[in-house]
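Grab a pencil and open the viewer. Below is a set of short exercises, each with a worked solution to check yourself against.

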Amino acid sequence: MKTTFLFLIIGLLISTEAVATVSPVKDEQTEKKIEELISKMTLDEKLGQMAQFDPYQFGGDEQTKQAIKEGKVGSILNLVGAKRINELQRIAVEESRLGIPIIIGRDVIHGYRTITPIPLGMAASWNAELTSKAMAVAAEEAASEGVHWTFAPMIDVSRDPRWGRIAESCGEDTYLSTVMAKAMVQGFQGDDLSDPKTIAACAKHYVGYGAAEGGRDYNTTYIPENQLRNDYLPPFKAAADAGVATFMSGFNDLNGVPVTGNEFTLKTILREEWGFDGMVVSDWASIAEMIAHGYAKDTKEAGYKALRAGVDMEMVSRCYLDNVQELLDEGKIEMATIDKYVGNILRVKFRLGLFDHPYTDETLAEKTILSEKNKAIAKEAASESFVLLQNKNEILPLSKDINSVAVIGPLADAPHDQMGTWVFDGKKENTVTPYTALTELLGAGKVNFAEGLATSRTKNTDGFEAAIQAAEKSDAVLLFLGEESILSGEAHSLADLNFRGAQSQLLDAMVETGKPIVLVIMAGRQLTIEDALYKADAILYAWAPGTMGGPALAEMIFGETVPSGKLPVTFPKTVGQIPIYYNHKNTGRPADYSNWTHIDEIPVEAGQTSLGNTSHYLDAGFEPLFPFGYGLSYTTFEYSDLKLSSKTMEADGSIEVSVTLKNTGKYEGSEVVQLYIRDRFASLTRPVKQLKGYKKVNVKPGETKQVTLMLSAKDLEFFNGTDYVIEPGDFDIWVGTNSKDGLHNEFSIN
Ligand code: NOJ
C-alpha cells in the first residue's frame, strides 16, 4: 500500500525536471539604488510608476509629454517606433524630477514583423529549442522598435477548443506547456535582460484562465487546489524558475475570487512559495473589473483588494491612481506596501538595463526586421508545426513532376489570415502565401488557382465554378480551408467548430471532380473535421503558420521537408465531447468498446438498462478523433525493446528508459518519442496517462536509434490536497508515438 510511506517534498516546490532555476538573484547594489530612489519619491511619483497607460488615455501629445515630465507615467503599452519612444523616454530620463525611465510594453505574442506560428502551432513542433529561437526573433525585432517588454508567453493550460484563446496557448498538457513556457521565456529574455536584443517576458494569465466555463472568454473558473497545483500552476512555476521578469494577473474569477484580487495565488504561492521578486501587472482593467465580478463595490475597494493581493502595476484603469491616497489616510494600506510594489517595478527596469541604456538605437530596426535569418527561422518553425493527420495511399508528398495542381480555397492566398491571432505589427505585404510559394516552386504554368470562396465564412458560392474548372484540368487539388485569423483569439470563442460558411460544400465540390485531394487546414484551434477524413486523401493541419507559412507548406507538400509535428491538443469528433483531453481520470466505470452500444443499435422500447454502465456518449462514444500527441510522417517508425534500467525507483532516484526506434520508411524524418506514465493507485486519484518526457529524434531511412529518456521520482510527485508527495507504489509506463499507442512496461517506487 502506498499510503504506508509518504515522502513529503520539502519546501512545497513543484518540480519540473526540464526546468533549471536561473532566476536573477537580487543584487545588493541595485536594491540600494531602488531604496534610495523610493526614499526620494512623492506619492504621486510612486503611483505614476504603478500606472500603465495606453497612449489614447493621455488625450494628446502635449498632455503625454507633460504627464511624463511630472513623473506620472511608469509604463506605456501599445506604442512602437524607436524614434517616438526615444523622444518620450528622453523626457522621462532628462526632464522628470527623478529621471526614471518608462518601460514600454506590447503584445508581441508570436512575432513582431516576422510572424512565426501561433503558440499552439509552436507547441505542435514539440521543439523547445526552435520555439526559443522563434521567440528570440520576436524579441530582437520588437526591441529594435523600442519595445522593452512583451505580454507573453501565455501559458494557460487549455482544454477547450471553443475558447478562442487556445490559439495563444501551448495546448492541453501541463508538461508540454511547462517545457514551452521555459523555452519561450528564454527566447524572449535570452541570457541577459539588459542585452538590447532581449525583452522582458510576462507569464500570463495567472492563473486558471484557460478553464473558462464552456470556453466562453473571461468566464468563471472552478479549480480545486489539488488540480490547480497539479495541472495549472506548473507552467507558471517553470516560467518563474526560468527567470521570467513579470507576471500578469488574469481576468477570471477563480473559485469565487477574481485572480487579480487573489491573495492565495498572488501572495501565498507566487511571492511566498516561489519567491518571485519581479513585477506583477494586472490585465487590461482587470482591477476595475472586480466591480463587475461582484467582488468590489467601487474602484476604491477594487484597488484595495488588488493591492492586498499584490498587483504592482495597474494596466489602464485608475483604481490605484484615484484611491491610494484615501486608502493610506484611512490606514487600510501602508506606505511600506506601496514602496514594496514600486520596488518590484524598479527592479525590472534595472534588470532591463533601462537606467544605464534608456534609448533604442534607431538604426537597428532596419537591420533586424524581416532579416533573412529571421525569415528562415519562421519557415523552419512553421514547417515543424505542421501535423500530418491523414495520408491515404501515401499520396503525399506529391512529385514535382506532376503536370499541374489546383490551388483552391479561402486560405490559399490569404496573407493576413495566415498570420493568425494577436498580430499587431505583422504586415500582410510581408507574408508569403501557399499560392505564391507554390507558383514559385512549380512555375506559374503548373498552378491553376481559384479561391472558390472569398473568405472562410462566406456562403456565397459564385466562385465554385472556377474552382471546379481549375480542379478538373489539374492532377491534384490542394485545398486550403480553416478559419480566418479573427475567428480565434481573445473574445473569439465559438460554439460550433465545423467548417464555416460554404467550406464543406467546396470540399464536396472538389471531391466530385474525382481528383486526389490534399486538404490543408489553417486554424487557431482544433476544428471538428471528422467528415473531411472520409473525403480528403491527405490532411495537413497547419494552424496559423505566419509570414513564411506558404513556402513551408509548399516545400512539405512536395517532399522537400517531412512532417514531424504532433498534436498538442486532443481533437474531438464533435463539440459535444468537449472537454476531452488525454490525461483525464479513469472514473469508477471507465468506458470500453465491449460495454458500449451505439445509439442506433439500441432496440426500440428497450427495457430500462444501463447499457454497459460505463462513462460514454451513446452517440459520440468515448474516443476522440485524434489523440493528443498524434501526428504522421512521410516515413514510418517502428518502436521496439522498451527497457528500464531498473524496475524499481528510489523515492529520490531516477531510472533510464530506453527504446529502439527504427525508421522503416523511405524518408529521413523526425519522430517525437513520447513517455507517459500512470500512477495506478494513490492517495488522490491520478490521470489515466501523463506525459513525463519526450525527445524529438531525427532518423535516416533504415537507421535504428536507441532513444533514452530519464524519469526521476521527482517527475512523479503531485499535490495530494495537503502536500507535494512522491508515493511508493506501482506505475505503468508507455513509450510511443502518441498518447494512445505505445510500448508498455511497469515499475514501482520503493
Ligand atoms: C488583454 C489580454 O487579456 C492580455 O493578454 C493582453 O496582454 C492585454 N489585453 C494587453 O493588450
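The exercises go through strands, cysteines, a loop residue, and then pockets and cavities.

This is a predicted model, in which local features need pLDDT of at least 70 and side-chain atom pairs count only at pLDDT 80 or more, while totals for chains, interfaces and linings use all residues. Residues are numbered from 1 along each chain as its sequence is written, and side-chain values use heavy atoms, with hydrogens and water left out.

**Exercise 1. Find the partners of strand S7 and say which way its side chains point.**

Step 1. Start with the terms: strands (E, at least two residues) and helices (H or I, at least four) are DSSP runs, numbered from the N terminus. Two strands pair if DSSP finds at least two bridges between them.

Step 2. Locate S7 at residues 246–249. Strand S6 (residues 202–206) is joined to S7 in the parallel sense by three bridges. Here Tyr-206 has Ser-249 as its bridge partner.

Step 3. Now look for another partner. Strand S10 (residues 279–281) also pairs with S7 in the parallel sense, over three bridges. Thr-246 stands opposite Met-279 in this pairing.

Step 4. Check the side chains. Thr-246 and Met-248 point one way, Phe-247 and Ser-249 the other way, and all are buried. Buried means under 20% relative accessible area, exposed over 50%, and partly exposed in between (1.4 Å probe, protein chains only).

**Exercise 2. Describe the surroundings of strand S26.**

Step 1. Find S26 at residues 729–736; seven of its eight residues are buried.

Step 2. Follow the pairing with strand S21 (residues 669–679): the strands run antiparallel and six bridges join them. One pair to look for is Tyr-676 with its bridge partner Trp-734.

Step 3. Turn to strand S27 (residues 742–749), which pairs with S26 in the antiparallel sense over eight bridges. In this pairing, Ile-733 stands opposite Asn-745. S26 and S27 form a hairpin, with five residues between them.

**Exercise 3. How many disulfides does the structure have, and how far is Cys-202 from the nearest cysteine sulfur?**

Step 1. Apply the rule: a disulfide is a pair of cysteine sulfur atoms within 2.5 Å. A search of the whole structure finds zero.

Step 2. Take Cys-202, which is in no disulfide: the nearest cysteine sulfur, that of Cys-170, is 14 Å away. Cys-202 counts as buried because its relative accessibility is 0%.

Step 3. Move to Cys-319. Its closest cysteine sulfur is in Cys-202, 19 Å away, so the two are too far apart for a bond. Cys-319 has 1% relative accessibility and therefore counts as buried.

**Exercise 4. Is Asp-54 buried or exposed, and where does it lie?**

Step 1. Place Asp-54 in the loop between strand S2 (51–53) and helix H3 (61–69).

Step 2. Compare its accessibility with the cut-off: at 9%, Asp-54 counts as buried.

Step 3. Look across to Trp-284. The two residues are 230 apart along the chain, and 9.8 Å separate their C-alpha atoms.

**Exercise 5. Describe the second largest pocket and what lines it.**

Step 1. Learn the rules. On a 1 Å grid over the protein atoms alone, a pocket is an open set of points with protein on both sides within 12 Å along at least five of seven lines, a cavity is a set where a 1.4 Å probe fits but cannot get out, and lining residues have an atom within 4 Å of a point. Grid points are joined across faces, edges and corners, and a volume is the space filled by probe spheres set on the points.

Step 2. Read off the volume, about 660 Å³. Of its 28 lining residues, the closest to the centre are Trp-126, Asn-127, Tyr-694, Lys-695 and Lys-696.

Step 3. Ask which element gives the most to the lining: strand S22 does, with seven residues.

Step 4. Bring in the domains, whose bounds come from an automatic or database domain assignment. Domain 1 (370–557) and domain 2 (637–749) each supply at least three lining residues. The centres of these domains, taken over C-alpha atoms, are 35 Å apart.

**Exercise 6. How many cavities of 30 Å³ or more are there?**

Step 1. The whole-structure search finds five.

Step 2. The second largest holds about 90 Å³ of space. Among its lining residues are Glu-45, Ile-68 and Arg-97.
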